[in-house]
2 protein chains.
Amino acid sequence: MATVGNSTNIFWQESPIGRLERQKLLNQKGCVVWITGLSGSGKSTLAFSVNKELYSRGKLSYILDGDNLRHGLNKNLCFSAEDRTENIRRVGEVAKLFADAGLICIASLISPYRKDRDACRAMLPDSNFIEARLLVDVFMNMPLELCEARDPKGLYKLARAGKIKGFTGIDDPYEPPLNCEIEIKQKDGVCPTPNAMAGQVVSYLEEEGYLHF
Amino acid sequence: MATVGNSTNIFWQESPIGRLERQKLLNQKGCVVWITGLSGSGKSTLAFSVNKELYSRGKLSYILDGDNLRHGLNKNLCFSAEDRTENIRRVGEVAKLFADAGLICIASLISPYRKDRDACRAMLPDSNFIEARLLVDVFMNMPLELCEARDPKGLYKLARAGKIKGFTGIDDPYEPPLNCEIEIKQKDGVCPTPNAMAGQVVSYLEEEGYLHF
């Protein structure tokens, strides 16, 4: 029995069917692939491509999309620094549950602040019962100019016109990762195709042993 | 683009690999089995037994335990009426994600207030692309006297001594479901065994078509 956060009298219940059993059933290892980057950098495109490629190999993955979660779990949060932190904390906690369930969880969020991403990494420690780490950070390293030229949602235009305040890259900072497992970037000024980007991630997962039990 | 809750400029991203594809991969249908009842009524025992029985049939299920989630996702919530509501809302939203991922999600929470459970039911509507409903409510209908006599965590004793305030069944109400898919109760004063209780739930899931695609 313990006091946890704001809750008292909380017990931990351990189910006899645990992560190992679920991983055996799925013949894969649960983990979190965390995609961070500017709006318009291609996070969703990469998430969809990885999801599709894993499915074609019979692997179960699930996308936690930052925007989609703001329709549900995080709909009581706004874009203040405090709420961004809570947003990312909740996504990290849910991603952890999905990894525990045995899924390859693909979290796709701008997640601009290093301290918030570090907090997620801290809550997803290297596991001591699988050889691979739980969190795979993917940095969509695309120049702001490119993202702004793409502007797929028209948000940069609104931000430049001052109609959106605190927009990442314009009047709110994006802090690039200091270390990440995978970096997606242009080569000779050319962006990799969605398939090539997905291939980079899936090859990593394969080499690190996530795609079989 | 929409304003959703406290968030503005939110898009919805639809992945090409959706629930149907995941259900096909798993050969089951995603849903939420929501177990409600007093502390000590046997919710966790039932959740573990259902989890185990489903696993033995090669089905992927995952338990969202109210107490366990207060170690993570919900650790910034206490037991005030407002925070209980937010607690259940978050669990409902996460359960919905797991059902969408194709899993049989077993949510095990006291969830004492009818309006909070109704809100979860409202957010998990009968789907229009699978024949079965998304939410299966299970009511652990055990008498307070029995739960208090069991008192597996010693909490009733603390509540009677006034050391825990707002304890469900003692000085905070439990509102039984008016309609639920499954009711677990004593027969001639005898509690069903864990296996018998799990059988009741798993048979229901089988009959309703959740255990194959």
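Contact here means heavy atoms within 4.5 Å. By that cut-off, His212(B) touches Asn27(B), Gln28(B) and Lys29(B), leaving out residues up to four places away in sequence. The model is predicted. Chain B superposes on chain A by a rotation of 180° with 0.0 Å of shift along the axis, so the two copies are related as by a two-fold rotation axis. The points below cover chain A as a whole, the pairing of the chains, the nonpolar core, helix H1 and several single residues.

**Chain A as a whole**

- Chain A contains eight helices and seven strands.
- The C-alpha trace of chain A spans about 55 × 45 × 30 Å along its principal axes.
- The radius of gyration of chain A is 18 Å, which agrees with the value near 17 Å for a compact globule of 213 residues.
- Of the 213 residues in chain A, 55% are buried.
- Among contacts in chain A between residues at least 6 apart in sequence, 74% join residues at least 24 apart.
- The exposed area of chain A is about 9000 Å², and 51% of it comes from carbon and sulfur atoms.

**How the two chains are related**

- Two copies of a chain are related by a rotation about an axis and a shift along it.
- In this model the rotation is 180° and the shift is 0.0 Å, with an RMSD of 0.0 Å for chain B on chain A.
- The same surface serves both copies, since 100% of the contact residues of chain B recur in chain A.
- Val94(B) is the residue of chain B that comes closest to the rotation axis, with its C-alpha at 3.6 Å.
- Glu93(A) is found in helix H4 of chain A and is buried, because its relative accessible area is 9% and the cut-off for buried is under 20%.
- Beyond its sequence neighbours up to four places away, Glu93(A) touches Met123(A) in its own chain and Gly72(B), Leu73(B) and Lys75(B) in chain B.

**The nonpolar core**

- In soluble globular proteins, nonpolar side chains tend to be buried together.
- The largest nonpolar core here has 50 residues.
- Leu64(A), Phe98(A), Leu64(B) and Phe98(B) have the most contacts inside this core.
- Phe98(A) touches Tyr62(A), Leu64(A), Leu103(A) and Cys105(A) in chain A, and Leu97(B), Phe98(B) and Ala101(B) in chain B, not counting residues up to four places away in sequence.

**Helix H1 of chain A**

- Helix H1 of chain A runs over residues 19-26, and its buried residues are Arg19(A), Arg22(A), Gln23(A) and Leu26(A).
- These residues lie on the same side of H1(A), because they cover an arc of only 100° around the axis.
- An α-helix has 3.6 residues a turn, so residues three or four places apart point the same way.
- The cover over the buried residues of H1(A) includes helix H4 (81-100) of chain A.
- From chain B, the cover includes helix H1 (19-26), helix H2 (43-56) and strand S4 (61-65).

**Residues with positive phi**

- Most residues other than glycine have a negative phi.
- Asn27(A), just after H1(A), takes a positive phi of about 50°.
- Asn27(B) has a positive phi near 50° and sits in the loop between H1 and S3 of chain B.
- Asn27(B) is partly exposed, with a relative accessible area of 37%.
- Ser111(A) has a positive phi near 35° and lies in the loop between strand S5 (104-108) and helix H5 (114-123) of chain A.
- Ser111(A) is buried, with a relative accessible area of 2%.

**Gln28(B) and His212(B)**

- Gln28(B) lies in the loop between H1 and strand S3 (31-36) of chain B and is buried, with a relative accessible area of 0%.
- Apart from neighbours within four places in sequence, Gln28(B) is in contact with residues including Gln23(B), Lys59(B), Leu60(B), Tyr210(B), Leu211(B), His212(B) and Phe213(B).
- Gln28(B) and Glu206(B) are 178 residues apart in sequence, yet their C-alpha atoms are 9.9 Å apart.
- His212(B) is in the segment after helix H8 (194-207) of chain B and counts as partly exposed, at 42% relative accessibility.
- His212(B) and Gly162(B) are 50 residues apart in sequence and 49 Å apart in space, C-alpha to C-alpha.

Key:
Residues numbered from 1 in each chain as written. Chains lettered and ligands numbered in written order. Predicted model: local features only at pLDDT ≥ 70, side-chain atom pairs only at ≥ 80, totals over all residues. Heavy atoms only, no water. Core = buried A, V, L, I, M, F, W, Y, C linked by side-chain atoms within 4.5 Å. Buried < 20%, exposed > 50% of the residue type's maximum accessible area, 1.4 Å probe, protein only. Least-squares fit on C-alpha atoms with pLDDT ≥ 70 in both. Helix = DSSP H or I, 4+ residues; strand = E, 2+ residues; numbered from the N terminus. Arc of directions from axis to C-beta. Rg over C-alpha atoms; globule rule 2.2 N^0.38 Å. Areas by Shrake-Rupley, 256 points an atom, 1.4 Å probe, with all protein chains shown as cover.
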